[in-house]
Amino acid sequence: MKREQEVPVLPPRAAEAGAAEPEPPVWIFGYGSLVWRPGFEFTSRKVGFIRGYSRRFWQGDTFHRGSAKPGRVVTLLEERGACTWGVAYKVCGEQIAASLQYLNVREAVLGGYDTKLVKFHPQEKDAGEPILALVYIATPQNPSYLGPASEEDIAAQIIVSSGCAGHNIEYLLRLADFMRFFCPQAEDEHLFSIEEALISILPSLYLTEESLEETANVPSRG
């Protein structure tokens, strides 16, 4: 009887014809509204910080938190020895193109931000090496850049500003709450000074409005 010839089993190839190599994940670092409202799908997220930058309310916003009268949102200022805390999001596969397209509109087209790669340090003690992450930064060259001002002036501008994403006050308070609850060991004097200035202004603002209403309701004499 003729013995049938065995067909050798070939090992699977690393990539079949027509199959693409898996795209490596991308990390996106947020330090403003992205910490509580990323707006895109992600695989995981980590709280942490980047070195060499400080957070400043120096960017104007005429869409998300302002209108014809711009609100104030944060950008990053290069500063030796400084660090900025926030959240890094890991996006994989189809999430990468979708998130970058979304952020290009939200941050670049409507916000005036440019992209840069930074080293992100996760909060965990056993995190290991820093992670290379994409970050959006508004530079002085963009037309919406407002630059420095006193904490009191910034707070006064925030109080009277709102846009499509909500009131500018909400933006400030949510960011302060994030720092307070997720990064209690970190310092952000600029952020908390503006929050303190805003809280001190609000009572006098309400009193002024009440006085105006009372004046309007007083019947005229004569």
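**Figure 1. A salt bridge between Arg65 and Glu170.** In this predicted model, Arg65 and Glu170 form a salt bridge whose closest N and O atoms are 2.8 Å apart. Arg65 sits in the loop between S2 and S3, while Glu170 belongs to helix H3 (residues 168-182), so the pair ties together parts that are 105 residues apart in sequence. Look at how covered each partner is: Arg65 is buried, with a relative accessible area of 3%, whereas Glu170 is partly exposed at 30%. Arg174 joins in too, since Arg65, Glu170 and Arg174 are linked in a network of salt bridges.

**Figure 2. Further salt bridges in the structure.** How many salt bridges does the structure hold? The count is nine. One of them brings together the side chains of Lys116 and Glu78, at 3.4 Å from N to O. This pair links distant parts of the chain, with Lys116 in strand S4 and Glu78 in strand S3, 38 residues apart. Lys116 is partly exposed, with 34% relative accessibility, and Glu78 is exposed, with 58%. Glu107 and Arg106 also meet through their side chains in a salt bridge, at 3.3 Å from N to O. Both Glu107 and Arg106 are buried.

**Figure 3. The whole protein, for orientation.** Here is the setting for the close-ups. The protein has four helices and seven strands. Starting at the N terminus, you can follow the elements in the order β-β-β-α-β-β-α-β-β-α-α. Of the 222 residues in the protein, 39% are buried. The protein exposes about 13800 Å², and carbon and sulfur atoms supply 55% of that area. Take contacts between residues at least 6 apart in sequence: 74% of them join residues at least 24 apart.

**Figure 4. Strand S3 and its partners S1 and S2.** Strand S1 (residues 26-30) runs antiparallel to strand S3 (residues 71-91), and five bridges join them. To find your way along this pairing, look for Trp27, which stands opposite Lys90 in S3. S3 also pairs with strand S2 (residues 44-61), again in the antiparallel sense, over 15 bridges. Which residue of S3 is the bridge partner of Tyr53? That partner is Glu78, the residue that also meets Lys116 in a salt bridge. Asp61 has Gly71 in S3 as its bridge partner.

**Figure 5. Strand S2, a mostly covered strand.** Is S2 mostly covered or mostly uncovered? It is mostly covered, with 13 of its 18 residues buried. Besides S3, S2 pairs with strand S4 (residues 114-122), antiparallel and over three bridges. In this pairing Ile50 stands opposite Phe120 in S4. Arg56 also has its place in S2. Why does Arg56 count as buried? Its relative accessibility is 19%, and buried means under 20%. Beyond its neighbours within four places in sequence, Arg56 is in contact with Val73, Val74, Thr75, Leu77, Glu79 and His190.

**Figure 6. Two glycines, Gly52 and Gly81.** Gly52 is part of strand S2, and Gly81 is part of strand S3. Although Gly52 and Gly81 are 29 residues apart along the chain, their C-alpha atoms are separated by 5.8 Å. Gly81 is exposed, at 78% relative accessibility, while Gly52 is partly exposed, at 25%. Ala82 is another landmark here: Gly52 and Ala82 are 5.1 Å apart from C-alpha to C-alpha, with their positions 30 residues apart in sequence. Leaving aside sequence neighbours within four places, Gly52 is in contact with Leu77, Glu78, Glu79 and Ala82.

**Figure 7. Phe29 in the largest nonpolar core.** In soluble globular proteins, nonpolar side chains tend to be buried together. The largest nonpolar core here has 50 residues, of which Phe29, Phe57, Ile158 and Leu198 touch the most other members. S3 supplies the largest share of this core, eight residues. Which residues surround Phe29 through contact, apart from neighbours within four places in sequence? Among them are Leu34, Ile50, Trp85, Val87, Phe120, Leu134 and Val135.

**Figure 8. A nonpolar patch on the surface.** Some nonpolar residues are found on the outside: Phe63, Val105, Val109 and Leu110 form a surface patch with about 320 Å² of accessible area together. Val109 belongs to helix H1 (residues 94-109). Val109 is exposed, with a relative accessible area of 57%.

Definitions and conventions: Residues are numbered from 1 along each chain as its sequence is written. This is a predicted model: local features need pLDDT of at least 70, side-chain atom pairs count only at pLDDT 80 or more; totals for chains, interfaces and linings use all residues. Side-chain values use heavy atoms; hydrogens and water are left out. Patches are made of residues with over 30% relative accessible area and no salt bridge: like charges are joined within 9 Å, nonpolar side chains (Val, Leu, Ile, Met, Phe, Trp, Tyr) within 5 Å. Accessible areas come from the Shrake-Rupley method with a 1.4 Å probe; for residues, only the protein chains shown count as cover. A salt bridge is a side-chain nitrogen of Lys or Arg within 4 Å of a carboxyl oxygen of Asp or Glu. Buried means under 20% relative accessible area, exposed over 50%, partly exposed in between (1.4 Å probe, protein chains only). Contact means heavy atoms within 4.5 Å. Two strands pair if DSSP finds at least two bridges between them. A nonpolar core is a set of buried Ala, Val, Leu, Ile, Met, Phe, Trp, Tyr and Cys residues joined through side-chain atoms within 4.5 Å.
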